[in-house]
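Let's take a walk through this fold, starting with one residue and working outwards from there.

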Amino acid sequence: MRKLYRSRRDRVVSGVCGGLADYFGVDVTVIRLLWAIAVFAAGTGVVAYIVAILIIPLEPCGHDQSGPTQEPRP
């Protein structure tokens, strides 16, 4: 079961877009573009981003949904 977290790896401000990209399995650039459109189109994107920061928990340390990225050390 997948859970939504703010990303520790792929973050610019707080990791909301990186977490959403991991959760939906899309490129983080797509999420950031959609968020930017929401900010400039209606202005509600800023409020939604702040709410997302407060609601979505930060990814636990060592948690990686995409699998191991480094070789284990012997």
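Start with E59, which counts as buried at 4% relative accessibility; buried here means under 20% relative accessible area, exposed means over 50%, and partly exposed is in between, using a 1.4 Å probe and protein chains only. You'll find E59 in the segment after α3. Leaving aside neighbours within four places in sequence, E59 is in contact with Y5, R6, S7, R8 and R9, where contact means heavy atoms within 4.5 Å.

A word on ground rules before going further. This is a predicted model, with local features needing pLDDT of at least 70 and side-chain atom pairs counting only at pLDDT 80 or more, while totals for chains, interfaces and linings use all residues. Residues are numbered from 1 along each chain as its sequence is written, and side-chain values use heavy atoms, with hydrogens and water left out.

Now pick up R8, one of the contacts of E59. R8 is in the segment before α1, and its 38% relative accessibility makes it partly exposed. Besides E59, R8 touches L58, P60 and C61, again not counting residues up to four places away in sequence. Look at the backbone here too: R8 and L58 are 50 residues apart along the chain, yet their C-alpha atoms are separated by 7.3 Å.

Step back to the whole chain. There are 3 helices and 0 strands, and the pattern along the sequence reads α-α-α. Helices (H or I, at least four residues) and strands (E, at least two) are DSSP runs, numbered from the N terminus. Of the 74 residues in the chain, 26% are buried. Among contacts between residues at least 6 apart in sequence, 47% join residues at least 24 apart.

How do the helices sit against each other? Take α1 (residues 16-24) and α2 (residues 28-41): their axes come within 8 Å and cross at roughly 125°. That makes α1 oblique to α2. Axes are lines fitted to C-alpha atoms, for helices over the stretch in contact, and angles run from 0 to 180 degrees between N-to-C directions. Angles under 35 degrees count as roughly parallel, over 145 as roughly antiparallel, 65 to 115 as roughly perpendicular, and the rest as oblique.

As for who meets whom, V16, C17, G18, L20 and A21 from α1 come up against V28, I31, R32 and W35 from α2. Sorted by class, this contact of α1 with α2 has 7 nonpolar, 1 polar and 1 charged residues. The classes work like this: Ala, Val, Leu, Ile, Met, Phe, Trp, Tyr, Cys and Pro are nonpolar, Asp, Glu, Lys and Arg are charged, and the others, Gly among them, are polar. V28 is worth a closer look, since besides C17, G18 and A21 it touches D10, not counting residues up to four places away in sequence.

Within α1, the buried residues are V16, C17, G18, G19, L20 and A21, and the buried residues of α1 pack against α2 and α3. Just past this helix comes G25, with a positive phi near 70°.

On to the other helix pair. The axes of α2 and α3 are 6 Å apart, and the helices pack at an angle of about 125°, so α2 and α3 are oblique to each other. Here W35, A38 and V39 in α2 meet T44, G45, V46, A48, Y49 and A52 in α3. By class, that's 7 nonpolar, 2 polar and no charged residues in the contact of α2 with α3.

What makes up the largest nonpolar core? It has 10 residues in all: V16, C17, L20, A21, V28, I31, W35, Y49, A52 and I56. Each of α1, α2 and α3 (44-55) supplies at least two residues of this core, and the largest share, 4 residues, comes from α1. A nonpolar core is a set of buried Ala, Val, Leu, Ile, Met, Phe, Trp, Tyr and Cys residues joined through side-chain atoms within 4.5 Å.

Finish with two isoleucines of α3. I53, in helix α3, is partly exposed, with a relative accessible area of 27%. It touches R6, S14 and V16, not counting residues up to four places away in sequence. I55, also in helix α3, is exposed, with a relative accessible area of 62%.
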